[in-house]
Amino acid sequence: MIREARVFAGAHLLTRGVAEESARAIADAIAARGRCSVCLSGGATPKSLYEFWARDYASRIPWAQIDFFWGDERYVPHDDPRSNYRMARETLLTRVEVPQANIHPVPTNAATPEAAAREYEAVMRKIFGGGAPELDLMFLGLGPEGHTASLFPGSPALGEKQSWVVAAEAPAEPRRRITMTFPAINRARNIFFLVEGEKKREIVRTIRREPEGDSSPYPAARVRSAGRVVWFLDQAAAFD
Ligand code: 6PG
């Protein structure tokens with residue numbers, strides 16, 4: 001089920017489009033609540049958005065009023081080339097005026113992925129006041145087999161109903177992961193999927209045919225929100 005999609009002729013236009021719509025969602029959150037919580041995705045696709053934001057939106061977004069989180073992380077040190085935190089730091093967070101106190105990386109220096117997940121959830125519960133983790137804007141990617149964040153097909157994490165963050169296993173290195181769960185993801189006010197490239201066309205077509213709900217074998221098809229779920233696609237990934 002894809003209720004709302006934006007299709008762009010190419011990756012650069014997709015980047016501009018999602019940057020503009022994200023800036024509006026951020027402005028709306030700050031107007032309503034004085035602050036905004038943004039949950040970043042890892043992988044390769046969002047890098048161009050983060051770089052574009054740093055270049056063209058450095059003075060157009062009130063970065064000091066944003067708290068940054070990660071929807072998932074690899075259980076590697078923060079300076080590891082595979083770290084989602086490192087990618088966001090290099091492409092965005094060291095290039096805009098955001099206080100370090102606003103940046104909440106997954107504590108991958110914890111003794112185990114399970115401990116990192118528990119610690120991260122405690123950070124989130126403190127910031128969200130123990131209530132629901134209503135992230136204002138959450139970016140998600142899509143894997144070719146339908147995973148999103150680090151929620152992979154067949155994973156026990158798909159059935160998690162209480163915890164907001166759990167340890168998870170990926171089918172390929174780096175296998176040990178920490179990921180937000182559907183109790184956290186599906187409370188986000190705005191969920192923007194960023195998907196581009198011919199390799200994603202088949203899985204996008206599959207997700208589109210999937211019924212909404214918790215039964216799909218494709219984790220990305222289980223994502224929904226009381227707010228908006230918008231799929232930002234380039235022509236190469238978009239359905240016919
Ligand atoms: C990660 C991401 C992951 C990613 C998808 C798509 O840690 O790798 O969170 O879920 O979004 O695998 O990755 P690409 O954007 O590189 O295709």
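Here are four short exercises with worked solutions on this predicted model.

**Exercise 1: the ligand site**

Find out where the ligand sits, which residues are closest to it, and which polar atoms lie by its oxygen atoms.

*Solution.*
- Start with the pocket: the ligand sits in the largest one.
- Next, list the surroundings. There are 14 residues around the ligand, and the closest are Ala44, Thr45, Asp72, Ala149 and Lys200.
- Now go through the distances. For threonine 45, an N or O atom of the side chain is 2.6 Å from a ligand oxygen atom.
- Aspartate 72 also uses its side chain, with a polar atom 2.7 Å from an oxygen atom of the ligand.
- With alanine 149, look at the backbone instead: a polar atom there is 2.6 Å from an oxygen atom of the ligand.
- Finish with the surface: the ligand taken alone exposes 420 Å², and the protein buries 85% of that.

**Exercise 2: aspartate 67**

Decide whether aspartate 67 counts as buried or exposed, and work out which side chain makes a polar contact with its side chain.

*Solution.*
- Locate the residue first: aspartate 67 belongs to strand 3, residues 66-70.
- Check the accessibility. Aspartate 67 has a relative accessibility of 12%, and the cut-off for buried is under 20%, so it counts as buried.
- Look for a polar partner: the side chain of arginine 35 is in polar contact with that of aspartate 67, at 3.1 Å.
- Then widen the view, skipping neighbours within four places in sequence. Aspartate 67 is in contact with Arg35, Cys36, Ser37, Val38, Ala101, Asn102 and His104.

**Exercise 3: phenylalanine 182**

Place phenylalanine 182 in its helix, then say what it is in contact with beyond its sequence neighbours.

*Solution.*
- Phenylalanine 182 is in helix 5, which covers residues 182-185.
- Its relative accessible area is 8%, which means phenylalanine 182 is buried.
- Leave out the neighbours within four places in sequence, and the contacts are Leu151, Leu158, Arg187, Pro219, Arg222 and Val223.
- For a sense of scale, try serine 48: the two residues are 134 apart in sequence, with 26 Å from C-alpha to C-alpha.

**Exercise 4: helix 6**

Which residues of helix 6 are buried, and which strands do they pack against?

*Solution.*
- Go along helix 6, residues 201-209, and pick out the buried ones: Arg201, Ile203, Val204, Thr206 and Ile207.
- Think about the spacing. An α-helix has 3.6 residues a turn, so residues three or four places apart point the same way.
- Lastly, find the packing partners: the buried residues of helix 6 pack against strand 8 (190-195) and strand 9 (228-234).

Technical notes:
Residues numbered from 1 in each chain as written. Predicted model: local features only at pLDDT ≥ 70, side-chain atom pairs only at ≥ 80, totals over all residues. Heavy atoms only, no water. Buried < 20%, exposed > 50% of the residue type's maximum accessible area, 1.4 Å probe, protein only. Helix = DSSP H or I, 4+ residues; strand = E, 2+ residues; numbered from the N terminus. Contact = heavy atoms within 4.5 Å. Near = heavy atom within 4 Å. Polar contact = N/O pair within 3.5 Å; in protein donor to acceptor, adjacent residues only side chain to side chain. Areas by Shrake-Rupley, 256 points an atom, 1.4 Å probe, with all protein chains shown as cover. 1 Å grid on protein atoms, 1.4 Å probe; cavity = no way out; pocket = protein on both sides within 12 Å on 5 of 7 lines; lining within 4 Å. Sits in = over half its atoms within 2 Å of the grid points.
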